[in-house]
Amino acid sequence: MDYWNLYDEIIDGLPQDIYIGDYAVGRPWTYVRAGDLVGICMTIPAYSRPRLRKESFLGCSLREAGEYVRSWQGQEASIAAAAINAFYNQPSKVEAMQGFHGEDASAETLDERKKLEAFAMYTEQIRGKKVAVIGHFPNFQKKWESICDLSILEMQPEWGDYPAEAAEFLLPQQDFVFMTGATFANKTMPRLLELSKNAVTVLVGPSVPMHPCLFDYGANGLSGFTATDAALAADLVHFGYETDIASCGKMADVLPHLN
């Protein structure tokens, strides 16, 4: 299997007739609005390569914008990934994948929605297992490090983390792998999915494109995000408010089938 083909499949389904009306690159999030559709992606801090696109993304179709997810310039790839997510992570498409499940439909407050995050939902399943988490996520490490054999991999490792290069050794040994959706924009996802093919692999975070083809490439669960408040999403990114991005939408979880 050529894992890089996942980009072709995802880009090929984007529409030519929906156009970007607003976008912003902030820290840590990038935002794209196209009509009523809103997409979010973590901003990739990679600046060593020039941009491929010389003009603004305003007025660009989602199909054209999505092509730039192949760029190795981080901001450009983040804009493209957010454009992709604006289309695939819209509520109607997530609902068609049965991504809003159970109490998620009535989770009104941010605290209630956070109970539906991947690191809450999988807690019982990972007990006693070998678990790798790619990327730093808030509020889960203290809960998990005492109940499983936990390894955290990070491109900018903190104390106790493994460097990203350890993936080649660690991931084939894991029972569970939880992978930040930012790996889609930074182009490490194909290799990480390949290395994790023996594990239950869950893609996590607002950067995850909720596209069913990812199951064909080894993902067992998609735990992403759909933005439902376009104005708030724009404010959070444009002005850099220290507000949780989850406040502008809701979790979107397509759960794995564990046998």
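This report describes a three-stranded sheet and a set of salt bridges in a predicted model.

**The sheet and its helices**

Strands of a sheet pair through backbone hydrogen bonds, either parallel or antiparallel. Here the three strands form an open sheet in the order β1-β2-β3, and their pairing is antiparallel. β1 (22-25) and β3 (37-42) are the edge strands, each pairing on one side only. On average, neighbouring strands of this sheet are turned by 10° against each other, direction ignored. Four bridges join β1 to β2 (residues 29-34) in the antiparallel sense, and Val25 stands opposite Thr30 in β2.

Helix α3 (residues 74-88) packs on the sheet and touches β1, β2 and β3; the direction of α3 makes about 140° with that of β3. Helix α12 (residues 230-238) also packs on the sheet, with contacts to β1, β2 and β3, and its direction makes about 145° with that of β2.

**Salt bridges**

Side chains of opposite charge can pair when their charged atoms come close. The model holds nine salt bridges, including those tabulated below.

| Acidic residue | Basic residue | N to O distance |
|---|---|---|
| Glu64 | Arg53 | 3.0 Å |
| Glu67 | Arg63 | 2.5 Å |
| Glu67 | Arg70 | 2.5 Å |

The pair Glu64 and Arg53 links distant parts of the chain, 11 residues apart: Glu64 lies in helix α2 (residues 62-66) and Arg53 in the loop between β3 and α2. Arg53 counts as buried because its relative accessible area is 8%, under the 20% cut-off. Glu64, at 36%, is partly exposed.

Glu67 is partly exposed at 30% relative accessible area, as is Arg70 at 35%, whereas Arg63 is buried at 17%. These residues belong to a network of salt bridges that links Asp8, Asp12, Arg63, Glu67 and Arg70.

Definitions and conventions. Residues are numbered from 1 along each chain as its sequence is written. This is a predicted model: local features need pLDDT of at least 70, side-chain atom pairs count only at pLDDT 80 or more; totals for chains, interfaces and linings use all residues. Side-chain values use heavy atoms; hydrogens and water are left out. Two strands pair if DSSP finds at least two bridges between them. Helices (H or I, at least four residues) and strands (E, at least two) are DSSP runs, numbered from the N terminus. Axes are lines fitted to C-alpha atoms, for helices over the stretch in contact, and angles run from 0 to 180 degrees between N-to-C directions. Contact means heavy atoms within 4.5 Å. A salt bridge is a side-chain nitrogen of Lys or Arg within 4 Å of a carboxyl oxygen of Asp or Glu. Buried means under 20% relative accessible area, exposed over 50%, partly exposed in between (1.4 Å probe, protein chains only).
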